[in-house]
Amino acid sequence: MSGTPGGTTYGLEALAFGPHPDDVELFCGGLLAKLSSQGHRTGIIDLSRGEKSSRGTLETRAEETQAASKVLGLTVRENLELPDGWLNPWAGFETPEPERTRHAAVARVVEVLRRLRPELVIVPWEEERHPDHEAASALVTRALFFAGVRKFETEPPGAPFTPRQVLYYPLRHLAAPSFVVDVSSVYETKTAAVHCYASQVLPRPGAPATLVGSALSLSSLEARDRFYGAQVGVAHGEPYIVREMLGLVDPVEHFRRNSFEKPLFFPQSR
């Protein structure tokens, strides 16, 4: 556990939420691999088991998830088993109190946040082609607010909690990032974690046609990461968005520690 002068006690350093097993690996696996390699405690919460997937079985998906978690060096991985295809921040709110705390999807996420107390929370971005991905963003964003509300009850009970920072990760949607994380040094680890989901991401004769399982899926993912990496002068990068205005105590030290080439904006000396 770590704390702050204000008294907030943290558990994990970073916790990422994914609508289905494999979403986090595909779109922010590099960040989790890098943080883990630096000694930080990391975790993933899968909101559903992906039971509506056109490919694979729940058993193979669970085995693939376990293998990917080991590759990424995660400290924690849990699945809330919310219904795939029906993720939304209002699920269970029609249930009267006190049963609501056991059924409402937002209460399930609040309980996880209060129990694991991550410094950084990593959430899908709000614009996406898949309805479950957009719903997951709204669900976790709502839970982040109520995690800090003292009178919002969960089962089991937990103390109010607010993370240090929330990062949003784009999936298929090309959003304008607030910053790009250099994941070049751990890109082989990210790729290995993604390949653990062979039932989902590798083309197979006779398998149902899906976007993530198409022949160009993995190459397009790497092209995306190379594109964002090129924006900061590195081989591979992952984009992240923050909604709050960020402040710096020491800009000089910040940019010393985060010094990147500026290939698109400044001429190089010859």
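## Reading buried charges, helices and backbone outliers

Me: Glu238 and Lys190 are each buried. How far apart are the closest N and O atoms of Glu238 and Lys190?

Reply: Before we start, keep in mind that this is a predicted model. For a charged pair, look for a side-chain nitrogen of Lys or Arg within 4 Å of a carboxyl oxygen of Asp or Glu. Here the closest N and O atoms of Lys190 and Glu238 are 2.8 Å apart, and the two form a salt bridge. Glu238 belongs to strand β9 and Lys190 to helix α6, so this pair ties together parts that are 48 residues apart in sequence. Salt bridges with shared partners also bring in Arg224 and Asp225, giving one network of Lys190, Arg224, Asp225 and Glu238.

Me: How many salt bridges does the count come to?

Reply: The count is 12 salt bridges. A good one to look up next joins the side chains of Glu25 and Arg77, at 2.6 Å from N to O. Glu25 sits in helix α1 and Arg77 in strand β5, so the contact ties together parts that lie 52 residues apart in sequence. Both partners, Glu25 and Arg77, are buried.

Me: Which side chain does Arg115 meet in a salt bridge?

Reply: The side chain of Arg115 meets that of Glu78, with 2.8 Å between N and O. This pair also links distant parts of the chain, 37 residues apart: Arg115 is in helix α4 and Glu78 in strand β5. For burial, follow the relative accessible area, which is 39% for Arg115, a partly exposed residue. Glu78 has 22% and is partly exposed as well.

Me: Now a buried acid without such a partner. Which side chain of opposite charge is nearest to Asp182?

Reply: That is Lys34, 4.6 Å away, and Asp182 is buried yet has no salt bridge. The salt-bridge cut-off is 4 Å, so check for other polar partners too. The side chain of Asp182 makes a polar contact of 2.7 Å with the side chain of Ser184. Asp182 itself is placed in strand β8. Leaving aside residues up to four places away in sequence, Asp182 touches Lys34, Val234, His236 and Phe260.

Me: Let's turn to helices. Where is the kink in α1 centred?

Reply: Compare the end-to-end span with the expected one, then look at the local bend. Helix α1 covers residues 23-37 and reaches 20 Å from its first C-alpha to its last, close to the expected 21 Å. Even so, α1 has a kink of about 75° centred on Gly29. Just after the helix, Gly39 takes a positive phi of about 90°.

Me: How many residues of α1 are buried?

Reply: There are 13 buried residues among its 15, so α1 is largely enclosed by the rest of the structure. A general point helps when you read such patterns: an α-helix has 3.6 residues a turn, so residues three or four places apart point the same way. Now take α4, where 10 of the 12 residues are buried, so this helix too is largely enclosed by the rest of the structure. The buried residues of α4 include Val106, Val109, Val110, Leu113 and two that can carry charge, Glu111 and Arg114. Helix α4 spans 17 Å, close to the 16 Å expected.

Me: What phi does Arg117 take, just after α4?

Reply: Arg117 has a positive phi of about 50°. When you meet a positive phi, check the residue type and then its surroundings. Asp22, not a glycine, has a positive phi of about 110°. Asp22 lies in the loop between β3 and α1, and is buried, with a relative accessible area of 5%. Glu81, again not a glycine, has a positive phi of about 55°. Glu81 is found in the loop between β5 and α3, and is exposed, at 54% relative accessible area.

Me: And the peptide bond itself: which residues does a cis peptide bond join?

Reply: Look at omega. Glu155 and Pro156 are joined by a cis peptide bond with omega of about -5°. Pro156 is in the loop between α5 and β7.

Me: To step back, how many helices and strands does the protein have?

Reply: The protein has nine helices and nine strands. Of its 270 residues, 47% count as buried. Among contacts with a separation of 6 or more, residues 24 or more positions apart account for 79%.

How values were computed
Residues are numbered from 1 along each chain as its sequence is written. This is a predicted model: local features need pLDDT of at least 70, side-chain atom pairs count only at pLDDT 80 or more; totals for chains, interfaces and linings use all residues. Side-chain values use heavy atoms; hydrogens and water are left out. Helices (H or I, at least four residues) and strands (E, at least two) are DSSP runs, numbered from the N terminus. The expected span of a helix is 1.5 Å times one less than its number of residues. The bend at a residue is the angle between axes fitted to the seven residues ending there and the seven starting there. Buried means under 20% relative accessible area, exposed over 50%, partly exposed in between (1.4 Å probe, protein chains only). Lys and Arg count as positive and Asp and Glu as negative; His and the chain ends are not counted. A polar contact is a pair of N or O atoms within 3.5 Å; within protein, one must be able to donate a hydrogen and the other to accept it, and residues adjacent in sequence count only if both atoms are side-chain atoms. Contact means heavy atoms within 4.5 Å.
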